[in-house]
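Biologist: Hi! I'm new to this one, could you walk me through it?
Modeller: Happy to, let's bring it up first.
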Amino acid sequence: MQEIFNHFFDFDLPGEVIMSLILIGVLIIFCFVIFILVKRADPLEKPKGLLALVEIGVDKVDGLVEDNMGKGFPNFGAYVCAIALFIFFSFIIGITGLPSPLGYLGVPLSLALCTFVMIHATSVKYTKWKYFKRYVDPIPVFLPVNLLGMWAPLLSLTLRLFGNAFAGWVLLSIVYWSLGSLSNLIFANLPAGPGSIFIAPLVTPVLHAYFDVFSGAIQTLVFMFLTMLFVAQEKPEEDKVEEQLALA
């Protein structure tokens, strides 16, 4: 499948990057379709079909954002929805045999970099010039250590996504090669093509269900919650207390 993909999309770009661009394009089209459905929907009638599912999903994500981050991030649910859809479907693509965008280090790094920028932008928003004080706390001699620690969320988010996607790809590649060799050995009298894929379809669906679907869902949730946690903790405690008093 990978060779067929490279034949039809013969660009000077890694297949994973091309797939990420295709996936982004599909998600943009999907958003436009939902936008049109929302505009045409009757506000007095209960949503049905795809529109109802989207509304439920958006409500759930907005609820998670409010529960984990508080009231100070009213539009953050849109970002969480976007990265969740991209990450989950990037894992799901592996079922088809096409290259997963997350198997190329630059893609998870780009996702993590977006969150990294939001972390520090949120800190600047709430602390203004006091933002720079974080690098010399508790005393200025800790400046090198604090500068190194600044990159921890970026590395954590990047390597977690890349490691899981790459490990799944490696294991499945080994399994496909092993089962193909075993099938050729058992069915030596059959043509090489049919013989090499005879056993693989009996075993690999379970592995795809775990590495692509289950692991993809878990890693999507982990990335979502870590993003919300890292960004929310940049809001000063006094603002959180005032917010809680306002809600009481």
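Modeller: One term before we start: a residue counts as buried under 20% relative accessible area, as exposed over 50%, and as partly exposed in between. Keep in mind too that this is a predicted model.

Biologist: Thanks! So is Cys 114 buried, exposed or partly exposed?
Modeller: Its relative accessibility is 40%, which falls between those two cut-offs, so Cys 114 is partly exposed.

Biologist: How many disulfides does the structure hold?
Modeller: Zero. Take Cys 81, which is in no disulfide: the nearest cysteine sulfur belongs to Cys 31 and lies 9.2 Å away.

Biologist: And what is a disulfide, chemically?
Modeller: A covalent bond that links the sulfur atoms of two cysteines.

Biologist: Let's zoom out. How many helices and strands are there in the protein chain?
Modeller: There are ten helices and zero strands. Following the sequence, the pattern reads α-α-α-α-α-α-α-α-α-α.

Biologist: What share of the residues is buried?
Modeller: Of the 248 residues in the protein chain, 33% are buried. As for contacts between residues at least 6 apart in sequence, 68% of them join residues at least 24 apart.

Biologist: Now the inside. How many residues are in the largest nonpolar core?
Modeller: That core has 37 residues, and Met 69, Phe 76 and Leu 102 have the most contacts inside it. The elements giving two or more residues to this core are H2 (15-40), H3 (49-69), H4 (76-92), H5 (106-127), H7 (152-186) and H9 (200-232), each of them a helix.

Biologist: Which one gives the most?
Modeller: H4, with nine residues.

Biologist: You mentioned Leu 102. What does Leu 102 touch?
Modeller: Leaving out residues up to four places away in sequence, Leu 102 touches Ile 87, Ser 90, Phe 91, Val 107, Pro 108, Leu 111, Leu 161, Phe 162 and Ala 165.

Biologist: Changing topic: at what angle do H2 and H3 pack?
Modeller: At about 105°, and their axes are 10 Å apart. Angles of 65 to 115 degrees count as roughly perpendicular, so H2 is roughly perpendicular to H3.

Biologist: Which residues make that contact?
Modeller: H2 brings Phe 30, Ile 34, Leu 37 and Val 38, while H3 brings Leu 50, Leu 51 and Val 54. By type, the residues of this contact are seven nonpolar, no polar and no charged.

Biologist: One more stop, Thr 204. Where does Thr 204 lie?
Modeller: Thr 204 is in helix H9. Its relative accessible area is 4%, under the 20% cut-off, so Thr 204 is buried. Not counting residues up to four places away in sequence, Thr 204 touches Val 175, Tyr 176 and Leu 179. From Thr 204 to Leu 172 the C-alpha atoms are 7.7 Å apart, with the two positions 32 residues apart in sequence terms.

Biologist: And Ile 218, buried or partly exposed?
Modeller: Ile 218 lies in helix H9, and its relative accessible area of 36% is why Ile 218 counts as partly exposed. The C-alpha atoms of Ile 218 and Phe 88 are separated by 9.0 Å, though the two residues are 130 residues apart along the chain.

Key. Residues numbered from 1 in each chain as written. Predicted model: local features only at pLDDT ≥ 70, side-chain atom pairs only at ≥ 80, totals over all residues. Heavy atoms only, no water. Core = buried A, V, L, I, M, F, W, Y, C linked by side-chain atoms within 4.5 Å. Buried < 20%, exposed > 50% of the residue type's maximum accessible area, 1.4 Å probe, protein only. Helix = DSSP H or I, 4+ residues; strand = E, 2+ residues; numbered from the N terminus. Contact = heavy atoms within 4.5 Å. Disulfide = S-S within 2.5 Å. Axes fitted to C-alpha atoms, helices over the stretch in contact; angles between N-to-C directions. Parallel < 35°, antiparallel > 145°, perpendicular 65-115°, else oblique. Nonpolar A, V, L, I, M, F, W, Y, C, P; charged D, E, K, R; others polar.
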